[in-house]
Amino acid sequence: MTKTLFAKSGFTRILLIPFDHLNADRGVLKNANPTSDIVLLVQSERMVTGRPFHKERLFFLISSARHFAKELEKSGFTVLFIEAETTVAGITQAREAVGELPVLCAEPSSFKQQSQLAKFGVEFVENDFFLTPRGLFQEWAGSQKSFVMENFYRIQRVRLDLLVTDGKPEQGRWNFDADNRLPPPKNYTWPERLTHTRDEIDREVSKSLNYPPTYSWATTREGALRQLEHFLEHHLAGFGPYEDAVTLDEWSLHHSLLSPYLNNGLITPAEVVAAAINRYNQGEAPIESVEAFVRQIIGWREYINGMYWFLGEDYKELNGLGANRKLLPLFADSSKTKMNCVSQVVSHVETRAWTHHIPRLMILSNLALVTGTNPKEFLDWMREQFVDAAEWVMVPNIIGMGVHADSGRLMTKPYAAGGAYINRMTQYCKGCAYDPKKRVGDDACPFTTLYWDFLDRHKDEFKKNHRMSQQVFGLNRLSDLPELRVRAKEVLTGLSNGSI
Ligand SMILES: Cc1cc2nc3c(=O)[nH]c(=O)nc-3n(C[C@H](O)[C@H](O)[C@H](O)COP(=O)(O)OP(=O)(O)OC[C@H]3O[C@@H](n4cnc5c(N)ncnc54)[C@H](O)[C@@H]3O)c2cc1C
Ligand code: SF4
């Protein structure tokens, strides 16, 4: 399309749609006019080759954006889909074709993108892809001594009027987790998982990436809505009880698999939450599951996004525990470890760029934490590998929750655990070369050894933390502490050279 063609058409604005704003009712598209606005999507080279991204992730992001562009065209918009070195280079190309029109975008979802686009003169409208405006969250966080998610969540329930009557929580409790957190069930039949078929656009993207994607992820709003419906129909009722379990026979358990679509805009948190509560009101799902699910979305997801903006751009550089070990080879290749839990979880990530919350927290992050892996290297790996990764969500989840690099600004205590926890909540230990109960000896579980070694290495910091003092005190009961320290050194060397 030529400059003259666009100039004659009388467009007055360019609407920039980043690949995580794919929703016709949100952001700049909410008030768009197909006769005066031209829509621009830029596939930047930096986004594709800037890091060694998992191709499953690239496939999902690019194909979703291409499908979305096509949908907008069908609804009457003129759409420019430009491949360029950077987003800014793409905007420049668009202006060459269209003329020096103002560029509008919804507030981007990372500090970096926001400042790059602002410097280039892009004008922002409010980012309404979340349920909590950024200013409102800042007000809440600015008034808190410590940032307890549960406190934020209760305010959200009342503010959004969800599962509350006259300010009181449904069925008398705000949180039903005491009824959840069950270990993996025995002889349980998991419902069939939904698979997503591929169309011509998917095939083109797959070819351009030279990668055959799995059938795990939809690339259209229609597919995302099908995933939501499947979750509501087959999984919501069982979501709560097995939320924290990890099994050998089913990788997604009762999890919703909705994070990729919530994060790229294909579906909104408001519609997901409304649909789940509707199932509760129809008597089709119990409160302990519906409340747990609603908490993930209006609580955790909104809290993490709010904290990303509240904590500031430098937060991701923190390394409060002075962790400087290089990323372990097992993260790049699941066959580089004999630890069954780690090997299996990394192999799930290799296959489909996803694993649920507990493997992310209690296996991958726990390993990075107790081995003293450099937080930035671990953060980069997670950002490259996960289908749902984005700066705003990875930074607080990893730097704060996962590896405690922020010295407790987000979470009051580190999520460090030994083999006993993993043995209780997963089915990995039975098939493992190591024994979760042992902390010393050649067959000691590396998690158990390193858990104690981690407490020992940081006992001076943790002694002052009232939530950790009891665990640190436990070190005094270890008669084999000298042996354990020797074994921990062997384990760390073995993990670094791929022999453990
Ligand atoms: C170290 C670490 C890294 C993570 N990285 C990401 C990430 O890059 N992208 C991402 O979307 N989530 C991330 N999470 C949060 C969570 O693990 C995923 O959202 C969830 O596993 C996605 O699967 P699901 O959609 O089936 O979730 P479900 O278990 O079905 O939960 C429903 C929804 O709740 C939201 N949610 C729950 N917990 C969180 C949380 N801590 N932060 C933000 N949203 C949450 C998600 O939108 C999720 O889709 C991370 C958690 C940890 C501990
Ligand atoms: S024994 Fe230790 S390393 Fe092996 S699966 Fe269990 S927790 Fe993981």
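User: What makes β2 largely enclosed by the rest of the structure?

Analyst: In this predicted model, eight of the eight residues of β2 are buried, so the strand is largely enclosed by its surroundings. Buried means under 20% relative accessible area.

User: How do you know that both faces of β2 are covered?

Analyst: Look at each side in turn. Asp37, Val39, Leu41 and Gln43 are buried on one side. Ile38, Leu40, Val42 and Ser44 are buried on the other.

User: Why are β2 and β3 called paired?

Analyst: Pairing needs at least two bridges, and β2 (residues 37-44) shares seven with β3, so the two strands pair. They run in the parallel sense. Val42 stands opposite Ile82 in β3. Ser44 has Ala84 as its bridge partner there.

User: How do you know that β1 and β2 pair?

Analyst: Four bridges join them, against a cut-off of at least two, so they count as paired. The strands run parallel. Leu16 has Leu40 of β2 as its bridge partner.

User: What is the order of the strands in the open sheet?

Analyst: The five strands follow the order β3-β2-β1-β4-β5, with parallel pairing.

User: Why are β3 and β5 at the edges?

Analyst: β3 (78-84) and β5 (123-125) each have a single partner strand, so one side of each lacks a neighbour in the sheet. From one strand to the next, the twist averages 30°.

User: How do you know that helix α4 packs on the sheet?

Analyst: Contact means heavy atoms within 4.5 Å. Helix α4 (residues 87-98) touches β1 (13-16), β2, β3 and β4 (103-106). The direction of α4 makes about 135° with that of β3.

Conventions:
Residues are numbered from 1 along each chain as its sequence is written. Chains are lettered from A and ligands numbered from 1 in the order in which they are written. This is a predicted model: local features need pLDDT of at least 70, side-chain atom pairs count only at pLDDT 80 or more; totals for chains, interfaces and linings use all residues. Side-chain values use heavy atoms; hydrogens and water are left out. Axes are lines fitted to C-alpha atoms, for helices over the stretch in contact, and angles run from 0 to 180 degrees between N-to-C directions. Buried means under 20% relative accessible area, exposed over 50%, partly exposed in between (1.4 Å probe, protein chains only).
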